[in-house]
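Trainee: Could you take me through one part of this structure in detail? I'd like to hear about the strands towards the end of the chain, and then whatever else helps me get my bearings.

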Amino acid sequence: MYKFLGTYNVIPSLPGSLEHLREVAYNLMWTWNPEARELFRRLDRELWEDTNHNSVMVLGNVSQERLEEVSHDDGFKSHLDRVCKSLQDYLKAKTWYNKNFSHSENFNIIYFSAEFGLTECLQTYSGGLGVLAGDHLKASSDLGIPLIGVGLLYREGYFQQYLNSDGWQHERYELNDFNNLPMKMVMNEKNEPFTLSVRYDSKEVFFQVWKIDVGRVPLYLLDTNVPQNSEADRKITRALYGGNIETRIEQEIILGIGGIKTMKALNIQPMVCHMNEGHSAFMALERMRFLIHEEGLSYKEAREIGFYSNIFTTHTPVPAGIDVFSNELVEKYLGKFYKDELKISDKEFYSLGTIYKDKESSFFNMAHLAMNTAGYVNGVSKLHGSVSKKMWVSGYKDVPFNEIPIDYITNGVHLRSHISREMEGLFVQYIGENWVNNPVSEQFWKRIDNIPDEELWRTHERRRERLVAFARRRLARQAKARGESQAEIAIASEVLDPTALTIGFARRFATYKRATLIFKDVERLADILNNKSQPVQFIIAGKAHPKDEEGKRLIQEICQIAKDDRFRRRIVFIENYDINVARYMVEGCDVWLNTPRRPLEASGTSGMKVIANGGLNFSILDGWWAEGFDPEVGWKIGNGEEYTDHDYQDEVEARQLYHILETQIVPLFYTRAEDLLPRGWITKVKNSMKKLGPIFNTHRMVQEYFEKFYERAYEKRKELQQEKWSKAIELAGWKEKVKQKWSKIKVEKVLNGKNSKSIYVGEEFPVDAEINLGELTPDDVEVQLYYGPVEKQDDPEFNSTVVMSPAKNTGNGVINYKGKIITKHSGQQGFTIRIVPQNPMLISSFEVGVVYWAT
């Protein structure tokens, strides 16, 4: 087989007056600028669609004749000038960050994720995790936050889905041509590909770096498909979540260790690092290695520095969703690294891979590595924060459940990436242009009432009509690709009713999401859908993981039901769910249905995308909807119950689903005033926008990350760095001292307070105690009174603490502490004494791993 001797890159040739098109094409701000998207559509509408909305490929494939034509078209050039000015104004504008903060120029946040969902032509994502990461970058850009993304670049990306005539999912893998995508290869000073390497114990693996501009935020993607590598190593980054368990650890070493190396090589100092899921957790090891070798610090000192400037966000509510490697496999890839670079024992290294410190593990858990090396840990909704604590409670021995140091920041969506152009235009007209810069402002969202009901409804109806037209085109194309008859293709072109109540369900086809719950009673469903005066229709989309046979069976079941004569015009399944399909669905659906098995939905964001588009949510109280639900803004299924009998749960919740559809949703949609407007429905839509819009967006989310984590992590990093890391050295030494001396702490005597007489609400209950601190001092500890109602002492939500103060040293290390409880409730109350480490640098009193409870 022949091989090319060399390569060269051909770039689009643009007339001089159109040269700014290239600048616009290579900055993904066009993905949330409707006028920019319209510019490329105007250049060549058919090519724009055929390239899956790829700005660079459009420029590369549009005919020179067309380019010459538009170069003399004053209207097109004026359009280009407006778009180019909009981009330049955006890049130069004073941002939320500029207005509120004045950190040094070296402040940056490195955001690691295995996938980024930025736009449909970039196949660097599989689902919600990636789209969330992409929205995080876009919001960071809008806010002006100094954030830099790091990920992997996949030659195949995620699979393309197609179904056979029986509705069974098959996968097709298409190779991406990176040179025809809105990204550029990073070059060195010799104008050669910027190439770095990582070691997998016995071998060296090289990677090159690509850069995507996401507004103000750069995203660097690492790619092992380079000539220096063996054929096998070139395929490490071939596919997202592809290959076997060894491929996975190889990818995660490139992402984590290679990501930090890339930042250093580009002269970017990673001041704060954020791990979006545990795939990138090996980056914490490389941060330690750098400090050990470049700054002369010990492993424990380097670990402390990383701990205070790392953030870990978990997105999974079940242990099965976490990457876990056998210790043998980790030893194969990183044995030499931890021995030679970190200079630690195998016991010390493998303890990083588990949070259960009282027993050794034969497996290395990537989420546990992230938790052990990050001082800031969070779930992605209020409920998920609690679920995460339950999942990992045994790793926090002696820590009350409500004090386990796992926080939460509820996810959001980047509104301008998911709102229809028509609806955005309506918002600008009646709310004002500034809403795009400050979507967290409740004042802006209150102006939704200024939009006339008729205009809001007609705008949404147009998007529903476009969704139906899109679905028909896609279904006809699917039928044609399967070789079906002309009659079947014709039927596909006529399905759905553009005026009917349209319910969307689109997501990953994992079994816990229960995509078939709506089909529990097909007879009852048929009656609902085929009501001639009040018809209802379902548009469904989603992919099952290639190895998930159960998920594939769910898709097949839906497709078989959709073929039933009762449903074939009312239920459709759109193949190959991606950002483009999602866009049409969230912009056009009237209701967004979500039926996960609580509490297995960490957050979910698809339902957030319908809010600004005039859609309403109908969901189980799980993930974000457990926070967002209000009877004025949508509908719930159940009351937040959790079941052990899943068959019974499905039966109960399916009946509730049908009942709410029949008695609330359908009647409200079809109750029309004399002007044929569904006034009650529109009121609910406006309530949804006003109440949910300012909360469930990524501007609020990223601001929260910044104020809760990023800024605090940066300040701690700066403090530790002073005087050649002297504070870090001191802190590491202090923690070691506390751990070694902790066992000598003892409460010798409680002098009064025990069995006291009854007191009245509002009175003080004093407690004195003699406490032996051993070789520690009062500056090293905080002594607390821990108290609450006796009958609920096992539920920490009802308990409180008050700090006791050292009164006098009685000698021999024994110190008299005094405290008092202000009684607020009647009934029998109890108390005990708790002692925790105390240091101004601590993020949590429990991070040292020691707690003393008086017995």
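Mentor: Sure, but keep in mind that this is a predicted model. Let's start with the open sheet of four strands, which runs in the order S24-S23-S27-S28 with antiparallel pairing. At its edges sit strand S24 (800-803) and strand S28 (852-853), each of them pairing on one side only. Further in, strand S23, residues 781-789, pairs with strand S27, residues 829-837, through nine bridges in the antiparallel sense. If you want a spot to click on, take Pro 789: its bridge partner in S27 is Gln 829. While you're tracing these strands, remember that side chains in a regular strand alternate between the two faces of the sheet.

Now look at S26, residues 814-822. Strand S22 (residues 764-772) pairs with S26 in the antiparallel sense, over nine bridges. Along that pairing, Val 767 stands opposite Gly 819 of S26. S26 also pairs with strand S25 (residues 805-811), again in the antiparallel sense, over five bridges. There you'll find Lys 808 standing opposite Asn 816 of S26. S25 and S26 form a hairpin with two residues between them, and Asn 812 in that turn has a positive phi of about 60 degrees.

For your bearings elsewhere, try a pair of helices. Two packed helices are described by the angle between their axes and the distance between those axes. Here, the axes of helix H18 (residues 421-430) and helix H20 (residues 453-481) come within 9 Å and cross at roughly 165 degrees. Angles over 145 degrees count as roughly antiparallel, so H18 is roughly antiparallel to H20. The crossing of H18 past H20 is right-handed. On the H18 side, the contact is made by Glu 422, Met 423, Leu 426, Gln 429 and Tyr 430. H20 brings Glu 455, Leu 456, Thr 459, His 460, Arg 463 and Arg 466 to that contact.

Last, the cysteines, since you'll probably ask. The structure holds zero disulfides. Take Cys 84, which is in no disulfide: the nearest cysteine sulfur belongs to Cys 121 and is 20 Å away. Buried means under 20% relative accessible area, so Cys 84, at 9%, counts as buried. Cys 273 is buried too, with a relative accessible area of 0%.

Definitions and conventions: Residues numbered from 1 in each chain as written. Predicted model: local features only at pLDDT ≥ 70, side-chain atom pairs only at ≥ 80, totals over all residues. Heavy atoms only, no water. Pairing = 2+ DSSP bridges. Disulfide = S-S within 2.5 Å. Buried < 20%, exposed > 50% of the residue type's maximum accessible area, 1.4 Å probe, protein only. Axes fitted to C-alpha atoms, helices over the stretch in contact; angles between N-to-C directions. Parallel < 35°, antiparallel > 145°, perpendicular 65-115°, else oblique. Left-handed = near helix turned anticlockwise from the far one by under 90°. Contact = heavy atoms within 4.5 Å.
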